[in-house]
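Here is a short briefing on the structure shown below. It starts with charged pairs and then works outward to the whole chain.

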Amino acid sequence: MASAEHANWTQQLRSERELLVKADIDIEEGWRRVRNQQDLLDWLQRAGHNTEQAERLVGLLMQTLIEWERHRDLIVQRVAYLEEMVTSH
């Protein structure tokens, strides 16, 4: 039984580590999108255009990134837990 549990924890750990890599990539891409949108917003402001929607989009992108980073923190916690389970059993 312990061997099956260990195998299960090991598989879960592998899966969570893969999710962590994906989360890191997604967050990096999200920051790139925020920078691009902020650059567009700056250009629109300098050109005298209405920037209401561009400003709203920057805010939404930032909110999304905050949630992605919270989710990443949960994955990190889960990885730490699973590493403990794998190494202690």
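**Salt bridges and overall fold**

Six salt bridges occur in the structure. The model is a predicted one. Its chain has two helices and zero strands. The radius of gyration is 20 Å, well over the 12 Å that the globule rule gives for 89 residues, so the chain is more spread out than a compact globule.

**The bridge between the helices**

- E83 and R17 form a salt bridge, with their closest N and O atoms 2.8 Å apart.
- E83 belongs to helix 2 and R17 to helix 1, so this pair ties together parts that are 66 residues apart in sequence.
- E83 is partly exposed, at a relative accessible area of 31%.
- R17 is partly exposed too, with a value of 41%.

**Bridges along helix 1**

- K22 and D26 meet through their side chains in a salt bridge, at 2.7 Å from N to O.
- These two residues are four apart in helix 1, so about one helical turn separates K22 from D26.
- K22 has a relative accessible area of 47%, which makes it partly exposed, because partly exposed covers the range between under 20% (buried) and over 50% (exposed).
- D26 is partly exposed, at 28%.
- R33 pairs with E29 in another salt bridge, where the closest N and O atoms are 3.5 Å apart.
- R33 and E29 are also four residues apart in helix 1, which means a separation of about one helical turn.
- R33 counts as partly exposed at 45% relative accessibility.
- E29 is partly exposed, with a relative accessible area of 27%.
- E29, R32 and R33 are joined into one network by salt bridges that share partners.

**Helix 1**

- Helix 1 covers residues 2–46.
- It has 45 residues and reaches 65 Å from first C-alpha to last, close to the 66 Å expected at 1.5 Å a residue.
- Its buried residues are W9, L13, E16, L20, A23, I27, G30, V34, Q37, L41 and L44.
- What do the buried residues of helix 1 pack against? They pack against helix 2.
- L40 also sits in helix 1.
- At 40% relative accessibility, L40 counts as partly exposed.

**Between the helices**

- G48 comes just after helix 1 and takes a positive phi of about 80°.
- T51 lies in the loop between helix 1 and helix 2.
- Is T51 buried or exposed? T51 counts as buried, with 10% relative accessibility.
- Leaving aside residues up to four places away in sequence, T51 touches L41, L44 and Q45.
- Two of those partners, L41 and L44, are among the buried residues of helix 1.
- L40 and A54 are 14 residues apart in sequence, yet their C-alpha atoms are 7.8 Å apart in space.

**Helix 2**

- Helix 2 covers residues 52–88.
- It has 37 residues and reaches 54 Å from first C-alpha to last, close to the 54 Å expected at 1.5 Å a residue.
- Which residues of helix 2 are buried? They are A54, V58, L65, I75, V79, L82, M85 and V86.
- Helix 1 is part of what covers the buried residues of helix 2.

**Whole-chain figures**

- Taken along the principal axes, the C-alpha atoms fill a box of roughly 70 × 15 × 15 Å.
- Of the 89 residues in the chain, 22% are buried.
- For contacts between residues at least 6 apart in sequence, 76% join residues at least 24 apart.
- The chain exposes about 6,500 Å², and carbon and sulfur atoms supply 54% of that area.

Note on methods:
Residues are numbered from 1 along each chain as its sequence is written. Side-chain values use heavy atoms; hydrogens and water are left out. Buried means under 20% relative accessible area, exposed over 50%, partly exposed in between (1.4 Å probe, protein chains only). Contact means heavy atoms within 4.5 Å. The expected span of a helix is 1.5 Å times one less than its number of residues. A salt bridge is a side-chain nitrogen of Lys or Arg within 4 Å of a carboxyl oxygen of Asp or Glu. The radius of gyration is taken over C-alpha atoms; the globule rule is 2.2 Å times the number of residues to the power 0.38. Accessible areas come from the Shrake-Rupley method with a 1.4 Å probe; for residues, only the protein chains shown count as cover.
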